[in-house]
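Me: I would like to go through the terms used for this model and ask what each one rests on. Please set the values against the criteria.

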Amino acid sequence: MRLFFSGFRKLRRRPATFVTFGLLVGLLVLIVIAVGATANNTTNGDANGRAAARDLLTFPGAYEILLSFIIGLGGLFAMIYGAAIAGSEWSWGTLKSAVTRGESRVRYMLLTFASIGLMIAIGIVLAFAVAVVAGVIGANLAGFSTSGLSDTSTLGGLPEHLLKGWIAVLEEASLGFAIATLARSQLAGIGAGIAFYFGESFASIFLPNVVKYMPFSVANAAVSTGSANVGGGGATVASLPADQALLLVVVWLIGSLLVASLFTDRAEITG
Amino acid sequence: MSAMSGIGAASATGGTDGLALATRGLLKSYGSRRALNGLDLSVPSGVVYGFLGPNGAGKTTTMRVLTGLIHADGGTVEMLGRPFKRGDRRRLFEVGALVEAPTFYPYLSARANLRELAASGAPVSSKRVEELLDLVGLCDRANDKVQGYSMGMKQRLGIAAALLSDPKLLMLDEPANGLDPAGIVAMRDTLRALAAQGKTVFVSSHLLAEIQVMADVVGIIAAGKLVREGPLKELLSTQGVIKVRVRPNLVDAAIATLVPLAPAERLTETDRDEGWISVRLTTDRAEDVNQTLAGAGIYASGLESGTDLEMLFLELTGGQGPTGGEGAFVGLGALNSGAPAGKGTAE
């Protein structure tokens, strides 16, 4: 457990943690407040815009939309975050220091990822709380009612949605973690991860039936309630049923960690 | 001393009794380049062992194999009396190592880095962290982020990290890198004190003067093979240097006069302008050198004698430069003329 808590303490003080969380929350707050502030400045042709603003800022429906936003954008950020953490272990040589002390390579990597998982869980909950506050402010700015805030049936379903969302984001983080481990570099890992994210989106134009099984698409599908979904890079793709997608998310998650662990175990640590 | 005198026998027979560290027939290749070519090391317990070799000779590769960072293609390693194989990571709980440059989380302080490193491997008390910060002289800066540290401070912290689990065997790769003179002296004293406590210190270095004043036993490798190993005093006893200073216009005459005492290849003019000549003879021949010169009417204005690890090193390694992979120096003449470079050129 000391290695797990050590990993968490390291993440807690790491600038990448604050930058990633700050960007996610900053964008979220900016968009929600901006939508609320401009919802009434509509001209004749902007009825659809006002309807969209109403969907975003009217509770209890806003809970679902805000959570989807966090999971969607947060997935990309989590992938970058996972890549940054795993890559730095190689770039900074800190994995080397642990190995020369007799630490198990696999245990070290898996517990590092476990601490990332805990940090992501905290991040999602905090981001969601901030998003709800921003949503309330946005709704007030737009003059929409917030009476649905305390809708018990929606609030009762939130823990399950948050849990599914966490697993989906964790899968995306594991992908970045595995890519950076294979690349043995933060920058290469982040770059390759982003390329993968947008590559999946691009591929959905030509191979929609393949892309729906890919990691970013299944992560989105796992937390979705609709039949179509937003894939990697923001493209709309056909998606799998949520339960099936969640199963595939877990498969991608375990697969990514397996690849990262095996590679680390077999790697020659030089430099 | 008994452990040291047993080193030759252990090497010859392949036995590893009384050794803190032993390798037998260690092999390692990177692609087509062979980095270790049957390396046999015998490191006695309770000594400072100087591990020497030219750039690219295989020192760092050896350190990596001994710390489990890479795996040998062949051969065996025995550490603290027991075999060290792939998967025997717990053997490293009794070993401290600093391999290549010290590595830390740049955004954490020295204290936090040591505490987090202590969470891996063998358990370490927080008191130990404070002791080590004090030992390496970083107490005042222990809460500063490592990213603001100088190279020497990072090196000090690296040595502290290697000592975290109070190891029985300490392996340091170029520990003097970046240290100021006071830091080098302090490090030397610390390593000597550890050896005096019965711990074994294995130091890889190319700073021959540093090893000469610090090590009890040395091993010299070239092209991935051990070329000489033994107690430093024994090795140097056959490796004396006598330096004699004569009037600069008499340098050639002095060298010719000394030929009966030492073959020409053992006579070198080290500074013609100042009139210094080096004679590679055991130090007890200094009087003969002086007498021979005086007999020829050449009077020495200076005479120094001593032992020189550098001479031994160059003789054993053939004065060779890198064997590839770490860059090479070429002779200035070769650069100017375009002629092939001599010794020191990468193969």
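Me: What phi does B:Gly31 take in the hairpin of β1(B) and β2(B)?

Reply: In this predicted model, B:Gly31 has a positive phi near 65°, and the hairpin has two residues between its strands.

Me: What makes β1 and β2 of chain B a pair of strands?

Reply: Pairing needs at least two bridges found by DSSP. Nine bridges join β1 (residues 19-30) to β2 (residues 33-44) of chain B, so the two count as paired. They run antiparallel, and B:Ala22 has B:Ser42 in β2(B) as its bridge partner.

Me: Why is the space of about 180 Å³ called a cavity and not a pocket?

Reply: A cavity is a set of points where a 1.4 Å probe fits but cannot get out, whereas a pocket is open. Five cavities of 30 Å³ or more are counted by this rule, and the largest holds about 180 Å³. Among its 18 lining residues, A:Ser97, A:Thr100, B:Ala97, B:Leu98 and B:Ala161 are the closest to its centre. β6(B) gives the largest share of that lining, four residues.

Me: How do you know which classes line the largest cavity?

Reply: Its lining has ten nonpolar, six polar and two charged residues. Ala and Leu count as nonpolar, while Ser and Thr fall among the polar ones.

Me: Which residues of the largest nonpolar core touch the most other members?

Reply: Of its 106 residues, these are B:Leu21, B:Met79, B:Met171 and B:Phe202. Helix α4 (residues 61-91) of chain A gives the most to this core, 16 residues.

Me: What makes B:Leu66 a contact of B:Met79?

Reply: Contact means heavy atoms within 4.5 Å. B:Met79 touches B:Leu66, and its other contacts include B:Phe84, B:Val95 and B:Leu169.

Definitions and conventions:
Residues numbered from 1 in each chain as written. Chains lettered and ligands numbered in written order. Predicted model: local features only at pLDDT ≥ 70, side-chain atom pairs only at ≥ 80, totals over all residues. Heavy atoms only, no water. Core = buried A, V, L, I, M, F, W, Y, C linked by side-chain atoms within 4.5 Å. Buried < 20%, exposed > 50% of the residue type's maximum accessible area, 1.4 Å probe, protein only. 1 Å grid on protein atoms, 1.4 Å probe; cavity = no way out; pocket = protein on both sides within 12 Å on 5 of 7 lines; lining within 4 Å. Points joined across faces, edges and corners; volume = space filled by probe spheres on them. Lists of a residue's contacts leave out its neighbours within four places in sequence.
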